[in-house]
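Student: Could you walk me through this structure one piece at a time? I'd like to practise reasoning from what I can see.

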Amino acid sequence: MNFEKVCVIGLGYIGLPTAATLAAHSLQVTGVDTNAHVVSNLQNGQVHIREGGLNALVQSVLEAGRLTIRSAPEKADAFIIAVPTPFYEDKRADLSAVMRATEAIAPVLAPGNLVVLESTSPPGTTRNLVVPILERSGLKAGRDFYVAYSPERVLPGQILRELVENARVIGGIDAASAEAGCDLYRIFVKGEIILTDCTTAEMVKLMENTSRDINIAIANEFSRLADHLGIDIWEAVKIANLHPRVNILQPGPGVGGHCISVDPWFLVEAAPHLTPLIRTARQVNDAQPRFVLQIIERAAGGSLAGMRIGILGLSYKPNVDDLRESPAIQIAYLLKEAGAVITAYEPNCPAAVLEGLNTVSALQPAVQNAELLVLLVAHETFRQLQPQELVQLTPARAVVDCVHLWNHPSWQQAGFTVHFLGVRKE
Ligand code: SAJ
């Protein structure tokens, strides 16, 4: 199948890089978003997402006229849906954005078109939700148009490279749909393309992120055991990983982001009676911020009431500006609830405003009055902090390092007592 014009619906972390990449491969791309700010900003050349190389790429395809930004889909050869699939309070998937995007495509759908869902979705969504909505057009899926599911599998921070290099799974509602999807993604994907059916492709994506969640949960549980038993989890993991068939992940303040902390719930929802392990892993990771709170209380010598704490890092993982579902933010709120006086600094999102939290846009105001520093994200900028310089900026002489970044003796030499997550020293 040949593609000249593609319409990408949802201009977030996945949709915008995908739209720009297709446009850079000489396709005519319409990027669609329902958020009026996103549309007007992009129309004025302002990119709302911080991701390596994205700003320059979007600017260049906008200037070349290859990418145009609209608030509703237009006729195209292919449509890619890349909208969020969050969950409701009871952890059921909220598919309303997928439904709205699909409903918006139906009126412009034409015979021979391809529609691809990329949003992470519960198994069965493509066949049971997307297809019936598209068929409201009067056209029949599989006979008049193609439908496929292809999960994005890119790592925030590496999106543009991984979009091209990673293996891509494409699941069709039939073999011809999978082939049509392959023709589309082959335009820019250099990695292997694997064709399967749409429900398998949906399941593959959920299994990938669920297995990562479970692996992080065991690392976090090990960190609690290490704390209980008085050993150093970081040393223990390093030694265990020398075994050729063992690869324990890193413990930390918890699991955040819009993927791993959400996706496993879609499998629990699909069959609660079959998924006790998946549910428990989610609960273990969700409880990790409370474990961090205990460690901070211990470092503070008891009550946190009135204690001035400088928090370093608020994003959900290192070197990104994404604050969604961030355990660091949960910890900041827990500290506040415990009576601490918080000043929080996120270098990748210096203008972050979080209700009820005192955020600052530079390191100095975060530390200048602090009695205790808490490092929550292993940002490169924090790795490069020199303890001899920091000690001049802050009256704090104790730090709680939850990501094992400042494990160098120079911190002690500079006068700091360093407490680590997963290392209990009496
Ligand atoms: N984390 C740990 N310990 C670790 C690794 C991660 O505590 O050893 C934490 C991170 O700090 C973060 C969370 O887990 O809070 C998730 O981070 P991540 O880097 O594991 O994953 P994401 O959410 O940024 O991206 C994942 C990726 N999936 C896998 O690695 C299996 C990515 O490939 C997916 O495209 C993405 O989810 C997605 O969109 O689903």
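**Rings, cysteines and a sheet**

Tutor: Sure. Searching the whole structure turns up four aromatic pairs. Keep in mind that this is a predicted model.

Student: How are the rings of Tyr345 and Phe382 arranged, stacked or edge-to-face?

Tutor: Look at the centres first: they are 6.2 Å apart. The planes stand at 70 degrees, and an angle over 60 counts as edge-to-face. So the arrangement of Tyr345 and Phe382 is edge-to-face.

Student: How many residues apart in sequence are the parts that this pair ties together?

Tutor: Find each partner's element. Tyr345 belongs to strand β10 (residues 341-345), while Phe382 sits in helix α14 (residues 380-383). The pair therefore links parts whose separation in sequence is 37 residues.

Student: Is Phe382 buried or exposed?

Tutor: Buried means under 20% relative accessible area. Tyr345 makes it at 13%. With a relative accessibility of 2%, Phe382 also counts as buried.

Student: What kind of aromatic pair do Trp406 and Trp411 form?

Tutor: Their centres are 4.0 Å apart, with 15 degrees between the planes. Planes under 30 degrees apart get one particular label. For Trp406 and Trp411, that label is stacked.

Student: And are Trp406 and Trp411 buried or exposed?

Tutor: Use the cut-off of 20% again. Trp406 has a relative accessible area of 1%. Trp411 has 3%, so both residues are buried.

Student: Which residue lies over the face of Phe416?

Tutor: Start with the neighbourhood: ring pairs link Phe416 with Trp406 and Trp411 into a cluster. A charged residue lies over the face of Phe416, 5.9 Å from the ring centre. That residue is Arg397.

Student: How many disulfides does a search of the whole structure find?

Tutor: Take Cys182 as an example. Its closest cysteine sulfur, in Cys198, is 16 Å away, which is too far for a bond. A disulfide needs the sulfur atoms within 2.5 Å. Over the whole structure, the number found is zero.

Student: Is Cys402 buried or exposed?

Tutor: Compare it with Cys182, which is buried at a relative accessible area of 16%. For Cys402 the value is 0%, so Cys402 is buried.

Student: Let's switch to the sheet. Which strands stand at its edges?

Tutor: It's an open sheet of eight strands with mixed pairing, in the order β3-β2-β1-β4-β5-β6-β7-β8. An edge strand has a single partner, so one of its sides is left without a neighbour in the sheet. The edge strands are β3 (67-70) and β8 (193-197).

Student: By how many degrees are neighbouring strands of this sheet turned against each other on average?

Tutor: Direction is ignored for this angle. The average turn between neighbouring strands is 25 degrees.

Student: What is the bridge partner of Ile9 in β4?

Tutor: Strands β1 (residues 5-9) and β4 (residues 78-81) run parallel and are joined by four bridges. Ile9 falls within the residue range of β1. Its partner in β4 is Ile81.

Student: Which helix packs on the sheet and touches β6, β7 and β8, with its direction at about 120 degrees to that of β8?

Tutor: Helix α7 (residues 175-185) packs on the sheet too, but its direction makes about 145 degrees with that of β7. The helix you describe spans residues 198-229. That is α8.

Key: Residues numbered from 1 in each chain as written. Predicted model: local features only at pLDDT ≥ 70, side-chain atom pairs only at ≥ 80, totals over all residues. Heavy atoms only, no water. Pairing = 2+ DSSP bridges. Helix = DSSP H or I, 4+ residues; strand = E, 2+ residues; numbered from the N terminus. Axes fitted to C-alpha atoms, helices over the stretch in contact; angles between N-to-C directions. Contact = heavy atoms within 4.5 Å. Buried < 20%, exposed > 50% of the residue type's maximum accessible area, 1.4 Å probe, protein only. Phe/Tyr/Trp six-rings, centres within 6.5 Å; stacked < 30°, edge-to-face > 60°. Lys NZ or Arg CZ within 6 Å of the ring centre and 35° of its normal.
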